[in-house]
Amino acid sequence: MKNLNAFKAFVVGFCALVGFSLISCVDDYEPIPVKLEDVNGNYKARLFTTQGNIKNEKTVDLSVKKDTVIFNDFPVKEIVKTIVTDPVKAEAALTAIGKVKYKLNYTSSLNTTNNVVELNFAPKTLVLQIPVDGVTKNAIVKMAAPQKGFYVGQDWSLRFGIVAEKITVDGVDLTPYEIIKYDFPYCVKN
């Protein structure tokens, strides 16, 4: 009986000690200050592509070097399917085009208050040669970046978005045209 009472007293004392230790913890989280160079690296990116009511999600790879985001395989499926409306011909054109390289230039600045690197993008036009029915259509896609991008120091992720705001095919603006949004809400370094 004495052993049982001693064990109960020990358990109560241990629980009280654990409870006080949890209460007395002080969260002195001090974030590691982000630097401009922290943006550089290879990323696995979550991409949401939206055109009107149609939304697609996929994972893409990209890399960042100094002042450029580099896509070795930029997703052009929505662009090609907007130009080539026949699904079979669009798939054939996508296969013929293969991987499309695209470089997205930016300037960066530190925001020490929020511990982020702000990225101001200067998108270049995207030029595509789209083979359809034995003819090559020359497509010029005007890209834009309506918002800043961010490299977030808290979780070391890159976040940004761009849009394909206008497509010109063989010198003629594509109309009607609904813009294509490319949102990269979370890109993690490999």
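I take a residue as buried when its relative accessible area is under 20%. By that cut-off, 36% of the 190 residues in the chain are buried. The model I am reading is a predicted one.

**Entry 1. Overall make-up**

I listed the secondary structure and got three helices and eleven strands. Read from the N terminus, the order is α-β-β-β-α-α-β-β-β-β-β-β-β-β. I then looked at the contacts in the chain with a separation of 6 or more, and 60% of them join residues 24 or more positions apart. For the accessible surface I have about 11900 Å², with 57% of that on carbon and sulfur atoms.

**Entry 2. Helix α3**

I went to α3, residues 87–97, and asked which of its residues are buried. I noted Ala90, Ala93, Leu94 and Ile97. Down the axis of α3 the buried residues fall within an arc of 100 degrees, so I record them as lining one face of the helix. Val88, Thr95 and Ala96 are exposed, and they sit on the other side of α3.

Next I checked what lies over the buried residues of α3; the cover includes α2 (77–83) and β6 (126–132).

I looked at both ends of the helix as well. At the start of α3, Asp86 brings a side-chain oxygen to within 2.9 Å of the backbone nitrogen of Val88. Just after α3 comes Gly98, for which I have a positive phi of about 75 degrees.

**Entry 3. From β6 to β9**

Since β6 is part of the cover of α3, I followed this strand onward. β6 pairs with β7 (residues 135–144) in the antiparallel sense, over seven bridges. I looked up the bridge partner of Leu128 and found Ala139 in β7. The hairpin of β6 and β7 has two residues between the strands, and Asp133 in this hairpin takes a positive phi near 50 degrees.

β7 also pairs with β9 (residues 157–169), again in the antiparallel sense, here over six bridges. In that pairing I noted Ala144 opposite Val163 of β9.

**Entry 4. Aromatic rings**

How many aromatic pairs does the structure hold? I have nine. One of them is Phe74 with Tyr182, a tilted pair at 5.1 Å centre to centre with 50 degrees between the planes. Phe74 is in the loop between β3 (68–71) and α2, while Tyr182 is in β11 (residues 180–189), so this pair ties together parts that are 108 residues apart in sequence. I checked burial for both: Phe74 has a relative accessible area of 2% and is buried, and Tyr182, at 0%, counts as buried too.

I also looked up Tyr151 and Trp156, a tilted pair at 6.1 Å centre to centre, with 50 degrees between the planes. Tyr151 is buried, at a relative accessible area of 1%. Trp156 is partly exposed, at 33%.

Phe74 and Tyr182 belong to one aromatic cluster, whose other members I wrote down as Phe71, Tyr102, Tyr106, Phe121, Phe160 and Phe184.

**Entry 5. Asp38**

Where is Asp38 found? I place this residue in the loop between α1 (2–23) and β1 (41–51). Is Asp38 buried or exposed? The relative accessible area of Asp38 is 16%, so I enter this residue as buried, the cut-off being under 20%.

A polar atom of the Asp38 side chain lies 2.8 Å from the backbone nitrogen of Lys35. Leaving out residues up to four places away in sequence, I find Asp38 touching Pro33, Tyr43, Tyr151, Trp156 and Lys189. Tyr151 and Trp156 in this list are the two rings of the tilted pair in the entry above.

**Entry 6. Ser63**

I closed with Ser63, which lies in strand β2 (residues 54–65). Ser63 has a relative accessibility of 8% and counts as buried. What is Ser63 in contact with, leaving aside its neighbours within four places in sequence? I found Gly41, Asn42, Thr68, Val69 and Ile70.

Terms used: Residues numbered from 1 in each chain as written. Predicted model: local features only at pLDDT ≥ 70, side-chain atom pairs only at ≥ 80, totals over all residues. Heavy atoms only, no water. Buried < 20%, exposed > 50% of the residue type's maximum accessible area, 1.4 Å probe, protein only. Helix = DSSP H or I, 4+ residues; strand = E, 2+ residues; numbered from the N terminus. Arc of directions from axis to C-beta. Contact = heavy atoms within 4.5 Å. Polar contact = N/O pair within 3.5 Å; in protein donor to acceptor, adjacent residues only side chain to side chain. Pairing = 2+ DSSP bridges. Areas by Shrake-Rupley, 256 points an atom, 1.4 Å probe, with all protein chains shown as cover. Phe/Tyr/Trp six-rings, centres within 6.5 Å; stacked < 30°, edge-to-face > 60°.
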